[in-house]
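Welcome, and thanks for taking a look at this one. Open the model in your viewer and let us walk through it together, starting from the inside.

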Amino acid sequence: MMFGQHPSGLRSNGKPAYEANVMRIDFHKEDFDRTADGPIDPPEDVIRRAVSDFHARLRFTTRAAHASPVSFPWNQWKLDYTKDDGSELETPKGYVKCRGTIQFKFSFIGISPEVWDNAFALPSGFKVPVWDGLRLDALAALPSVGTALVLAATSLEVFISFLLDELSARQRLSNTLWTWITARGGRTLQQPSVEEQFDVLLKEFTGHTLKEDAALWEAFKNLKSARNSFVHEGVAMVGMTPLSKDDAAALVGRVDCIIAKIREWIPEEVRWPVPEAQVNLEWTHTLIEASDSSKGLSPNRASPAAP
């Protein structure tokens, strides 16, 4: 089947079937709040629980690993108010017959002459650091909270391990001593923790500790806590508070800040290249074409910026 095409025929267990990409849920109530300036009725939390519960049950019973969770109301949805038989309700002034949102998601890579030149200006034999690929993977994993946090935390662990190895080699610590400090013969409980690497060992080699920046240290600790709670309990939390998508995105974004701050403290010859060229894209899309009767009017446009 070619991508973007629908099958000419579809059968399930030998019986005719059809494609669908819409979830429909009927809510019954004596009277819904349909005032134009009123809240969503049924309440958002009721709709969210109904959607999440059905999706979770369906994913579990079908073993559909590719079925991404539906995150109401951050998706496309429409709420129609009708009579019990499905027929249209009267809509007096100040009332609505439906509510909803339309969602668009686009991604671009902007390539300018400066970006092109920078890509080929990297040193011969340049290899992208493993930790840098991981932090990009973490960003790409959003809005999947757990996956993004695990990748972000892993990127920091790999980063500090690589960096300390590099700094120890330049300060001519013997391999025997450094192995004893960091490995202890494979005895995990005696090895420096990640916190000690960002604190004690980092200060030993650079004169600085991440604790110097209280906000970054807190972000580091919260990221580690959220990753651990997700790995061990299945829910990403800081303290007893589950993290939302926005919370997770903010934590993942702090990884760049942590790495950038530490880059300031290390010798010039150890620093990695930092891309400087930026591209500002302006994208427009006509939502409503001007008809003959409305020529001269400007069509509605959406113009998001995609750096």
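## The main nonpolar core

This is a predicted model, and its largest nonpolar core has 41 residues, of which Leu-149, Phe-159, Phe-198 and Ile-262 touch the most other members. Helices α3, α4, α6 (194-206), α7 (214-233) and α8 each supply at least two residues of this core. The top contributor is α4, which gives 12 residues. As general background, nonpolar side chains in soluble globular proteins tend to be buried together.

Leu-149 is a good place to center your view. Not counting residues up to four places away in sequence, Leu-149 touches Leu-223, Ala-226, Arg-227, Ala-236, Leu-243, Ala-248, Leu-251 and Val-252. Apart from the main core lies another one, of 8 residues, including Phe-72, Trp-77, Leu-79 and Val-96.

## Helix α3 and its cover

Helix α3 covers residues 130-141, 12 residues in total. From its first C-alpha to its last, α3 reaches 17 Å, close to the 16 Å expected at 1.5 Å a residue. Which of its residues are buried? They are Trp-131, Asp-132, Leu-134, Arg-135, Ala-138 and Ala-141, so the list holds Asp and Arg side by side with nonpolar residues under the 20% cut-off for burial. The cover over these buried residues includes α4 (145-170) and α8 (245-263).

Ser-155 gives a residue-level view of this packing. Ser-155 is found in helix α4, and it counts as buried because its relative accessible area is 0%. Leaving aside neighbours within four places in sequence, Ser-155 is in contact with Trp-131, Leu-134, Arg-135 and Val-255. Of these partners, Trp-131, Leu-134 and Arg-135 are among the buried residues of α3.

## A nonpolar patch on the surface

Now turn to the outside. Met-23, Ile-25, Phe-54 and Leu-58 make a nonpolar surface patch of about 320 Å². Met-23 lies in the loop between β2 (15-16) and α1 (44-62). Is Met-23 buried, exposed or in between, and why? Its relative accessibility is 33%, so Met-23 counts as partly exposed.

Ile-25, a member of this patch, also leads to Ala-50. Ala-50 is found in helix α1 and, leaving aside neighbours within four places in sequence, is in contact with Ile-25 and Phe-27. With a relative accessible area of 26%, Ala-50 is partly exposed. The C-alpha atoms of Ala-50 and Phe-72 are separated by 10.0 Å, and these residues are 22 apart along the chain. Phe-72 is one of the members of the 8-residue core.

## Backbone details worth checking

If you plan to inspect torsions, two cis peptide bonds deserve a look. One joins Asp-41 and Pro-42, with omega about 10 degrees, and Pro-42 has its place in the loop between β2 and α1. Another runs from Leu-142 to Pro-143, with omega near 10 degrees. Pro-143 is found in the loop between α3 and α4.

Positive phi values turn up at Asn-13 and Arg-63. Asn-13 is not a glycine, yet its phi is positive at about 50 degrees. The place of Asn-13 is in the loop between β1 (11-12) and β2, and with a relative accessible area of 80% this residue is exposed. Arg-63, also not a glycine, has a positive phi of about 60 degrees. Arg-63 has its place in the loop between α1 and β3 (77-80), and at 62% relative accessibility it counts as exposed.

## The chain as a whole

Stepping back, the secondary structure comes to 8 helices and 10 strands. Of the 307 residues of the chain, 25% count as buried. The chain exposes about 22000 Å², with carbon and sulfur atoms supplying 54% of that area.

How many of the contacts between residues at least 6 apart in sequence join residues at least 24 apart? The share is 58%.

Notes:
Residues are numbered from 1 along each chain as its sequence is written. This is a predicted model: local features need pLDDT of at least 70, side-chain atom pairs count only at pLDDT 80 or more; totals for chains, interfaces and linings use all residues. Side-chain values use heavy atoms; hydrogens and water are left out. Patches are made of residues with over 30% relative accessible area and no salt bridge: like charges are joined within 9 Å, nonpolar side chains (Val, Leu, Ile, Met, Phe, Trp, Tyr) within 5 Å. Accessible areas come from the Shrake-Rupley method with a 1.4 Å probe; for residues, only the protein chains shown count as cover. A salt bridge is a side-chain nitrogen of Lys or Arg within 4 Å of a carboxyl oxygen of Asp or Glu. Helices (H or I, at least four residues) and strands (E, at least two) are DSSP runs, numbered from the N terminus. Buried means under 20% relative accessible area, exposed over 50%, partly exposed in between (1.4 Å probe, protein chains only). The expected span of a helix is 1.5 Å times one less than its number of residues. Contact means heavy atoms within 4.5 Å. A nonpolar core is a set of buried Ala, Val, Leu, Ile, Met, Phe, Trp, Tyr and Cys residues joined through side-chain atoms within 4.5 Å.
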